Amino acid sequence: MKLATLRDGSRDGRLVVVSRDLSVCMPAAVVSTMQQALDRWDEVEPLLQQQSDRINGKSAAGFAPFNEADCLSPLPRAYQWLDGSAYVNHVELVRKARGAEMPASFWTDPLMYQGGSDAFLAPRDNIPLADTAWGADFEAEIAVITGDVALGSDAQTARNAVRLLMLVNDVSLRNLIPNELAKSFGFMQSKPSSAFSPVAVTPDELGAAWDGGRLHLPLLSALNGAAFGRPDAGVDMTFDFPTLIAHAAKTRPLGAGTIVGSGTVSNRDADGGAGRPVGEGGVGYSCLAELRTVETLRGGQPQTRFLQHGDRVRIEMLDARGSSIFGAIDQTVAAPEAAR
């Protein structure tokens, strides 16, 4: 099934069941918010599935039109947002950009940070940026929403905890990152509010593309209307989602509604290199930092600027028929007063 949260004037919005083609929707009958559904998933999921079966029937008559612009992020706020860095190719490139060596342990022990989760951006909200000198970047990612995960759960147990999948724009302020990390206390100011796709989907909606741990489809990103990246999210993912979830649960339980991100989706080139831009026949990148690193490796310095006011970022994933699965994150960078 496909679920979304519509604006209704409240902080947590109104949960709706959405048709597979994203054309119509209906209010969830048994709960009013996504978090309520996750808290009561075993009880509520069969009832929501019945609604999904109805809305995907032969006729769409009687259902409300679905408009992605009316959506908040599926969870407008969450008890926990944990972002991994499962594509180690991305980690290696970004560290090269700031002259940092990559420890060998990064290939065997996942990286993860805990981000702010009290106020996510809606998928069509502007990205507020007070100072372009901060080096704003988008990061196109996949995320899962979990049910309850017990402390110490292994990866097999974690696999069964995946309730929903969605897309992410994990906004990063690259020029603030080095000084923050130098304090040895993690990200804070350099990781402002993230945005998630209009729709979250249950794993069964993805068919064979979801193997229980990885989503094997290209993740499409565009900058100012031009194709920027199309890496396959199932390729070069060093740590799958069950591994990331189990990593997070090593020393604490995870509550229903925990969001776990994949980190920036990143593919190596066919020759094992860093990858090529889409315009050169490669799969491109899911963030500006990777392109800037490749430009530096080639020419000694980056040529592409970080995001500026007025820049537009679009992130989407299509199924085998070319239809949007999650809807699109489509955001414009703006000064904070204009973003409100």
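**Close-up views of salt bridges and helix α7**

**View 1. Glu68 and its partner Arg124 in the predicted model.** Glu68 counts as buried because its relative accessibility of 16% falls under the 20% limit. Arg124, at 30% relative accessibility, is classed instead as partly exposed, since that class covers values between the 20% and 50% limits. The whole structure contains 18 salt bridges, and one of them joins Arg124 to Glu68, with 2.5 Å between the closest N and O atoms. Arg124 belongs to the loop between β7 (112–115) and β8 (127–128), whereas Glu68 belongs to the loop between β4 (64–65) and β5 (71–72); the salt bridge therefore ties together parts that are 56 residues apart in sequence.

**View 2. The salt bridge between Lys191 and Asp170.** The side chains of these two residues, Lys191 and Asp170, meet at an N to O distance of 2.9 Å. Lys191 is located in the loop between α5 (177–182) and β13 (195–196), and Asp170 in the loop between β11 (162–169) and β12 (172–173), so parts of the chain that are 21 residues apart in sequence are tied together by the pair. Both Lys191 and Asp170 are buried.

**View 3. The salt bridge between Asp240 and Arg214.** In this pair, the closest N and O atoms of Asp240 and Arg214 are 4.0 Å apart. Distant parts of the chain are linked here: Asp240 lies in the loop between β16 (226–229) and α6 (241–248), and Arg214, 26 residues away in sequence, lies in the loop between β14 (199–201) and β15 (220–223). Asp240 has a relative accessible area of 11% and is buried. Arg214, by contrast, counts as partly exposed because its relative accessibility is 21%.

**View 4. A network of salt bridges that includes Asp170 and Lys191.** Through shared partners, salt bridges connect Asp137, Glu139, Asp170, Arg174 and Lys191 into one network. The pair shown in View 2, Lys191 and Asp170, is thus part of this network.

**View 5. Helix α7, residues 288–299, and the glycine that follows.** Helix α7 has twelve residues, and at 1.5 Å a residue these should span 16 Å. The end C-alpha atoms of α7 are 16 Å apart, so the span in the model agrees with the expected value. The buried residues in α7 include Leu288, Ala289, Glu290 and Leu291, and also Thr293, Val294 and Glu295. Gly300 comes after α7 and has a positive phi, near 95°.

Terms used: Residues are numbered from 1 along each chain as its sequence is written. This is a predicted model: local features need pLDDT of at least 70, side-chain atom pairs count only at pLDDT 80 or more; totals for chains, interfaces and linings use all residues. Side-chain values use heavy atoms; hydrogens and water are left out. Helices (H or I, at least four residues) and strands (E, at least two) are DSSP runs, numbered from the N terminus. Buried means under 20% relative accessible area, exposed over 50%, partly exposed in between (1.4 Å probe, protein chains only). The expected span of a helix is 1.5 Å times one less than its number of residues.
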